[in-house]
Amino acid sequence: MRYRSIALALILAASTATLPAIVHAAPAVSIADRYAASDQYAPGKIDPLIIDLDMQARFVKGGVLYRKGVKGKGVILLADPATGASRELAQDAALAPKLTAAGAELGDKVDIRPTAYGDGVLTVAAGGKEWTIDAAGAVTAKARPEKADGVVSPDGKFRIVSRNYNLWKAEVATGKETPLTADGSYDARYGINYPLLGDMVAANSENPDMEVGAQWSEDGKQILTFRLSRNGSYIWHGVQPNPPGSQFPREFTYVYPTAGAVNVPQSQPVLIDVATGKVTDLNVPAVPLLWPGNPALWWENGQVIYEWQARGYGELKLYAIDPATNVATVRVRESLKPIVTVTSTAMVSAPQLKGTLVISERSGWAQLYYVAAGSDPNGGQRLTQGDWEVTNVAHIADGGPVLVGGIGREPGVNPYFRSLYKVGLDGAIANLTPEPLDHDVTLSEDAAWFIDRMSSPTEPTRTLLRSGADGRIVAELGRADPSALLATGFTMPEVFETVADDGKTKLYGMIYRPKNFDPKKKYPVIENVYTGPTTHRFEESYGDNVRGSVNSVAQLGAIVVTIDGRGTSQRGQAFRSSAYQNLGEVGLDDHIWVLKAMKRKYPYFDLDRVGVYGGSAGGYDTARFVLRRPEVYKVGVASSGNHDLRLDKAWWPEVSMGIADDATWERNSNASVARNLKGKLMLIHGDIDDNVPVAASYRLSQALVAAGKPHELVILPNTNHAVYQPYYWDKLRDYFTVNLLGETPPAETK
């Protein structure tokens, strides 16, 4: 069903009056057929057209559990890593009637997903529930686990629960509760965080049940937790204008730390003696709360390990605290100018190596270092070398080696493709995934084996079982078959690369064309954008490229592109550095440079008709592209955008902005350039968004109104940060159809 009001149709039709005349011939395919193709490739619709794209492979007791074949006609198997041989556990055709008889609502398309196996019992997900199948074939609905109230002690006799901002000890057998703290309050609470607006809306309460953040010592005598102080931070007021079941709005007050705010909440680690209730502040500084979440705090070999970061990300420290003496020791200190980029930095406690592993950009690239216990916290032994990035520590063996993820190391390979490496403490390194493709890996618990989902944007996924010792392929579990998808006329995406204006830096993008593409025609271009310095937009894997919403948008009769300009992540510190306190401008001209390079190679790119869309930080990007480069980007649909970074959660902007002054925050606000609007801009936001408050879109809209700039503002009721719903897609498609393609959307169908 399509959702479009008569009023919307009139608005969209009227908006075409300002378009320049379109001189090229209209596409031969009708707009109704193009919308039908867009529906055909909508998110979730492509999956059934590719066999064995996601085999749900996972390690279980006794091997690797996976599923193979067409849905409804496939088999569930168990592979033995030692031999590579697989044996059949169940067939869809045999399971379906048994599941139906047990009460499963499978619908027209049978979709049975294996989730666990052990001791002869298979667990599957089907019809929205989990089911167990025993060795005799009996099917039983698996009861949903009850949400545990509190944190259970090692001996199982007590639970730690939260009552009125304090922590209490509850006897499991009798339910008797004894207070451990008594001075907790809204502004200084123990062991629980501030709830998000979405939590409050769901519970219809400003005090929804919150998970207790507390950890028992091994001997059960102490509790490791935190005291969260509001620290004078602003109290927000959120409104749900039209709550289901009520004609009256509901208002909620909540704490949401914002970027650039003078005060944000502070989490102070504490120890509580369970017998006496004595609370001891650990001898470490409180960590600023930049997004509702518990501090990085845990027990390790009788010590407390604590990760602290300075406001503005100028410094990170990893502490070890002796609970008996309250003496804190800095194990690792990371401090870089102008900022420590936490998305390319990690401090991993490694008792297996009697020290700490650090991923640091001190060389300009995220490389792996080993800091031995008791050594200089600012130093360390460098284990990896080169102009590439270590992305994560995957496994640490006793005494080594270490398995790490990495990108950009192999010459001639796309720098965004992931690989798995084995690194020794002597610096020896081996690539366990040598094929020049993207490798999405899952390790067994002991890292003796790993599952490798190997693909590229254009090469279908192969699901492999490999040795963790040397990367040897033990077995190929399956290979994705896109025959049914290609038979629909689907046009495969294309990787595009060019050299930036400095003559040496490579820039990458993807090109998505409509089905039955005709290179003799001219096509408008729509960019799907997300330029956040915490990530990159390039999709490495086959599944992400063929299943993405970009393919649906392309069917309107446009070419959709994604581009990574300088300022984005995982290409080294220098590549990203231009984003520092410059989110309003970074990457804009790189994107235009790449568009022009695409046009030189493919003359059918119509750069007189360029649109852009994105969500969240991509919504911010969409508006800034249209406002700051209006001569190129003519139409934009910006959803859930953080248009004024000072209205966003503190951590995301401050990761790139650090400690900025008001003039810098203002310079990076989309509202500051609202007067530049020349084209068409639609702002979409959910009214109960607790990730980026709707106030951000309201502020930009108000600035556009003040500047006399016509635009569209769509507020989606009872919608959070994820606006992706049928009405959103209809608004987006109609807006581009009218304002970029110069056509009338098809008549509403029921």
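Biologist: Which strand gives the most to the lining of the largest pocket?

Modeller: Strand β10, residues 158–163, contributes three residues to that lining, more than any other strand. Keep in mind that we are reading a predicted model.

Biologist: How many residues line the largest pocket, and which of them lie nearest its centre?

Modeller: The lining has 22 residues, and S162, D209, M210, E211 and V212 are the ones nearest the centre. The space in this pocket comes to about 510 Å³.

Biologist: And what about enclosed spaces? How should I think about those?

Modeller: The general idea is that rolling a probe the size of a water molecule over the atoms shows where empty space is left. In this structure, four cavities have a volume of 30 Å³ or more. The largest cavity holds about 50 Å³.

Biologist: Which residues line the largest cavity?

Modeller: Among them are G406, I407, G408, R409 and E410, along with F417 and Y421. Two strands, β30 (402–407) and β31 (418–423), each provide at least two of the lining residues.

Biologist: Let us turn to strands. Why is β2 described as largely enclosed by the rest of the structure?

Modeller: Buried here means under 20% relative accessible area. Five of the six residues of β2 (residues 63–68) are buried, so the rest of the structure largely encloses this strand.

Biologist: In which sense does β2 pair with β1, and in which sense with β3?

Modeller: With β1 (residues 58–60), β2 pairs in the antiparallel sense over three bridges, and R58 stands opposite L65 of β2. With β3 (residues 75–79), the pairing is antiparallel too, over five bridges. There, Y66 stands opposite L77 of β3.

Biologist: What should I look for in the turns of these hairpins?

Modeller: Look at the glycines and their phi angles. The hairpin of β1 and β2 has two residues between the strands, and G62 in its turn has a positive phi of about 100 degrees. In the hairpin of β2 and β3, six residues lie between the strands, and G69 has a positive phi near 110 degrees.

Biologist: Now a sheet further along the chain. What is the strand order in the open sheet of eight strands?

Modeller: The order reads β37-β38-β40-β39-β41-β42-β43-β44, and the pairing is mixed. At the edges are β37 (494–499) and β44 (712–716), each pairing on one side only. On average, neighbouring strands of this sheet are turned by 20 degrees against each other, direction ignored.

Biologist: Parallel or antiparallel: how do β39 and β40 pair?

Modeller: Strands β39 (residues 523–528) and β40 (residues 559–564) run parallel, with three bridges between them. One partnership to find on screen is E527 with V561 of β40.

Biologist: Which strands does helix α10 lie across?

Modeller: Helix α10 (residues 617–628) lies across β39, β41 (605–615), β42 (635–639) and β43 (680–686), and runs at about 145 degrees to β41. Helix α13 (residues 695–706) also packs on the sheet, where it touches β43 and β44, and its direction makes about 150 degrees with that of β43.

Biologist: How many salt bridges does the structure hold?

Modeller: There are 43. Take E585 and R628, whose closest N and O atoms are 3.5 Å apart. This pair links distant parts of the chain: E585 is in the loop between α8 (573–576) and α9 (588–601), R628 is in helix α10, and 43 residues separate them.

Biologist: Buried or partly exposed: how do E585 and R628 count?

Modeller: E585 counts as partly exposed because its relative accessibility is 31%. R628 counts as buried because its value is 12%.

Biologist: Which salt bridges does R646 form, with D644 and E666 as candidates?

Modeller: R646 meets D644 at 3.0 Å, N to O, and E666 at 2.6 Å between the closest N and O atoms. E666 lies in helix α12 (residues 662–667) and R646 in the loop between β42 and α11 (651–657), so this pair ties together parts that are 20 residues apart in sequence. As for accessibility, E666 is partly exposed at 36%, R646 is partly exposed at 22%, and D644 is buried at 2%.

Biologist: Which residues are joined into one network by salt bridges that share partners?

Modeller: That network joins D149, R159, R163 and E177.

Conventions: Residues numbered from 1 in each chain as written. Predicted model: local features only at pLDDT ≥ 70, side-chain atom pairs only at ≥ 80, totals over all residues. Heavy atoms only, no water. Pairing = 2+ DSSP bridges. Helix = DSSP H or I, 4+ residues; strand = E, 2+ residues; numbered from the N terminus. Axes fitted to C-alpha atoms, helices over the stretch in contact; angles between N-to-C directions. Contact = heavy atoms within 4.5 Å. Salt bridge = Lys/Arg side-chain N within 4 Å of Asp/Glu carboxyl O. Buried < 20%, exposed > 50% of the residue type's maximum accessible area, 1.4 Å probe, protein only. 1 Å grid on protein atoms, 1.4 Å probe; cavity = no way out; pocket = protein on both sides within 12 Å on 5 of 7 lines; lining within 4 Å. Points joined across faces, edges and corners; volume = space filled by probe spheres on them.
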